[in-house]
Amino acid sequence: MFNLICNKKGLSMIEVLIALFLTMIGVMALISMQQQGWLLSARSDYLGRAAGVLHEELETIESLIMNPCNVVTAGPARNIRVSGMGAAQSGDVTFTVTPTITSIGTNVWRVTVRVTWTGNNTGIRESIIVTRQEPFRFPSGCTDGSVAITY
């Protein structure tokens, strides 16, 4: 009975090697997933920033069209830096914004904005339908849509 209580054999070398081998396989599996994690993180960062640029562009064009004093035409594609600075900053991303404005009726337009970035030529796209609205008339003295704005 005393012999069973004081048994000091411990772990054998084979058991230790098997435990190390299984631990290495687990660590290698985690390391192999690291690259995919970084790629997904970068993609979600680009999509989030592009969605912000897209939303801002749609709202700006919408507010210009709703004012009966403005004659709005879609401008060419242009590059926008997320930082808003003239020169690229650390971590800055340049997006290409392409607006398209199509008349679909009397005082009704469909505005489509596409935002792309380096490495993704498809990008994201969204459309809205905009109508002229008298409460948005500014300046109040205009009568004939004399202010021409190219966007």
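**Close-up views of the salt bridges**

Arg-137 is partly exposed, its relative accessible area being 23%. With that residue as our way in, the legends below tour the salt bridges of this predicted model, which holds 3 of them.

**View A. Arg-137 pairs with Glu-134.** Here the two side chains come together in a salt bridge, with an N to O distance of 2.4 Å. As you look at Arg-137, keep in mind its partly exposed setting.

**View B. Glu-57 and Arg-78 join a helix to a strand.** The closest N and O atoms of this salt bridge are 2.7 Å apart. Glu-57 belongs to helix α2, while Arg-78 sits in strand β2 (residues 78-81), so the pair ties together parts that are 21 residues apart in sequence. The two partners are worth viewing one at a time. Glu-57 has a relative accessibility of 4% and counts as buried, whereas Arg-78, at 28%, counts as partly exposed.

**View C. Asp-45 and Arg-49 form a salt bridge within helix α2.** In this view the closest N and O atoms lie 3.3 Å from each other. Both residues are part of helix α2 (residues 13-66), where a spacing of 4 residues puts them about one turn of the helix apart. Arg-49 is partly exposed, with 26% relative accessible area, and Asp-45 is likewise partly exposed, at 37%.

Definitions and conventions
Residues numbered from 1 in each chain as written. Predicted model: local features only at pLDDT ≥ 70, side-chain atom pairs only at ≥ 80, totals over all residues. Heavy atoms only, no water. Salt bridge = Lys/Arg side-chain N within 4 Å of Asp/Glu carboxyl O. Helix = DSSP H or I, 4+ residues; strand = E, 2+ residues; numbered from the N terminus. Buried < 20%, exposed > 50% of the residue type's maximum accessible area, 1.4 Å probe, protein only.
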